[in-house]
Amino acid sequence: MRPVLKPVLKPALARTWRDTETLQFGAVHRHARVVERADTAVCSFLSLLDGTRERPALLAAGERLGLGRDPTGDLLDDLEKGGLLDDAAATWEALECYPQPRRELLGPDLASLSLVRPEPGAGPAALRGRAAARVEVRGAGRVGSAVAAALAAGGVGIVTVVDTGRVTPGDCSPAGLAPTEVGRLRATAARESVQRAAGFAPGGSRTAAAGRSAPPPTLVVLAPRSGSGAFAGGAYGARPLMRAGVPHLYTGVVEHLGVVGPLVLPGTSACGGCLAFARTEEDPAWPRLLPQLAEDGPGPARTPACDGALATAVAGLAALHVLLHLDGTGPPSVDGWCELSAADGMARRLRLRPHPDCGCQWQPGAPA
Ligand SMILES: [Zn+2]
């Protein structure tokens, strides 16, 4: 991590007085930090940590306030070690990756990153990573379109949505496609939804169209409208992604169950095939059932179940897991998956081990 250029007290942290001399930063008790003996001089000094001054100017200011040069340096070091400082220069560099109005829209997201990544400049560095990323979402139903919008709103540089056909009422969701889009081309409506989420008027050119010349995506979200993304290893075969070494996340709602995961890091973590093997051990008929489920099977036409609130929660969780991955943190959908139930509102995480018969732990590019 580079040295802090322009220290700023993290604006995301609430400031409260525990007593007349103890200043607490942060509302969540187990993460909160305190500055003791915070007298008038110390408070005056803290007010100078607004990101407009470099360390030498701050040391001189501490001297003028009567704190002494060395104690001022120690105070700065303590604030940094306590995770209370960010680097305003790094923050500005990260926001410069985005045109207005995205900078202002991303303010709370960056404030959140500054808390989960305590080192100065680490939150802004994560945001720069998001800005450089390209995520492809396959499927623009209730879950997929909302995942795409949430990723665009979260600062992912390019979000593309791949789908065909026209918007049906069942595709609409409060975080994705609006009911006014029914009948329009699904890919167009999803692209415009992404643009709106990123703060642009629909029709702008800030989101790239999926095309042959586009670079390979940083990550692919498999969210087919049928919900079969909840059955990893199903209709949306991920073999090309495995071969190309592209990380991918399965997600969807099937019947009353919302699923996020597995997030597959090819060659490193358990894949959709591993999950298919694991399910087959539980139910030997699974390989026969799986393709029928994906293609809508025999019998009368179904009305696919998809609780709107569940789909919105699943999309938000899927987007959060993608962002965690882009930020460099392994989300719980790696080597596992998360289930949300419309029956009881509970969320649970299930573990998935790489299956020895799957062969996905071979290096990418090896013959399957
Ligand atoms: Zn596997």
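A residue is taken as buried when its relative accessible area is under 20%, and the legends below apply this cut-off to close-up views of a predicted model.

**View 1. The zinc ion and its four cysteine donors.** In this predicted model, the zinc ion is coordinated by the SG atoms of Cys271, Cys274, Cys358 and Cys360, at 2.2 to 2.3 Å. The angles that these four donor atoms subtend around the zinc ion run from 97 to 123°, and the arrangement is therefore tetrahedral. Along the chain, the donors follow the spacing C-x2-C-x83-C-x1-C. Cysteine 271 and cysteine 360 link distant parts of the chain, being 89 residues apart, with cysteine 271 in the loop between β10 (257–264) and α11 (272–282) and cysteine 360 in the segment after β12 (347–351).

**View 2. Burial of two zinc donors, cysteine 271 and cysteine 360.** Cysteine 271 counts as buried because its relative accessibility is 6%, a value under the 20% cut-off. Cysteine 360, at 9% relative accessibility, counts as buried as well.

**View 3. A salt bridge between helices α4 and α7.** The count of salt bridges in the model comes to 13, and one of them joins the side chains of glutamate 93 and arginine 128, at 4.0 Å from N to O. Because glutamate 93 lies in helix α4 (residues 88–95) and arginine 128 in helix α7 (residues 122–132), the pair ties together parts that are 35 residues apart in sequence. Glutamate 93 is partly exposed, with a relative accessible area of 32%, and arginine 128 is likewise partly exposed, its relative accessible area being 32%.

**View 4. The salt bridge of arginine 186 and aspartate 171, and the network around it.** The closest N and O atoms of arginine 186 and aspartate 171 are 2.9 Å apart, and the two residues form a salt bridge. Arginine 186 belongs to helix α9 (residues 186–197), whereas aspartate 171 sits in the loop between β7 (158–162) and α9, so this pair ties together parts that are 15 residues apart in sequence. Both arginine 186 and aspartate 171 are buried. A network of salt bridges links these two residues with Asp163 and Arg225.

**View 5. The salt bridge of glutamate 339 and arginine 348.** Here the side chains of glutamate 339 and arginine 348 meet in a salt bridge, with an N to O distance of 3.2 Å. Glutamate 339 has a relative accessibility of 8% and therefore counts as buried.

Key. Residues are numbered from 1 along each chain as its sequence is written. This is a predicted model: local features need pLDDT of at least 70, side-chain atom pairs count only at pLDDT 80 or more; totals for chains, interfaces and linings use all residues. Side-chain values use heavy atoms; hydrogens and water are left out. Donors are N, O and S atoms within 2.8 Å of the metal (3.2 Å for Na, K and Ca); water is not among the atoms, so sites may look incomplete. Four donors count as tetrahedral if all angles lie between 85 and 135 degrees; four count as square planar and six as octahedral if opposite donors are over 155 degrees apart and all others between 65 and 115; anything else is irregular. Helices (H or I, at least four residues) and strands (E, at least two) are DSSP runs, numbered from the N terminus. Buried means under 20% relative accessible area, exposed over 50%, partly exposed in between (1.4 Å probe, protein chains only).
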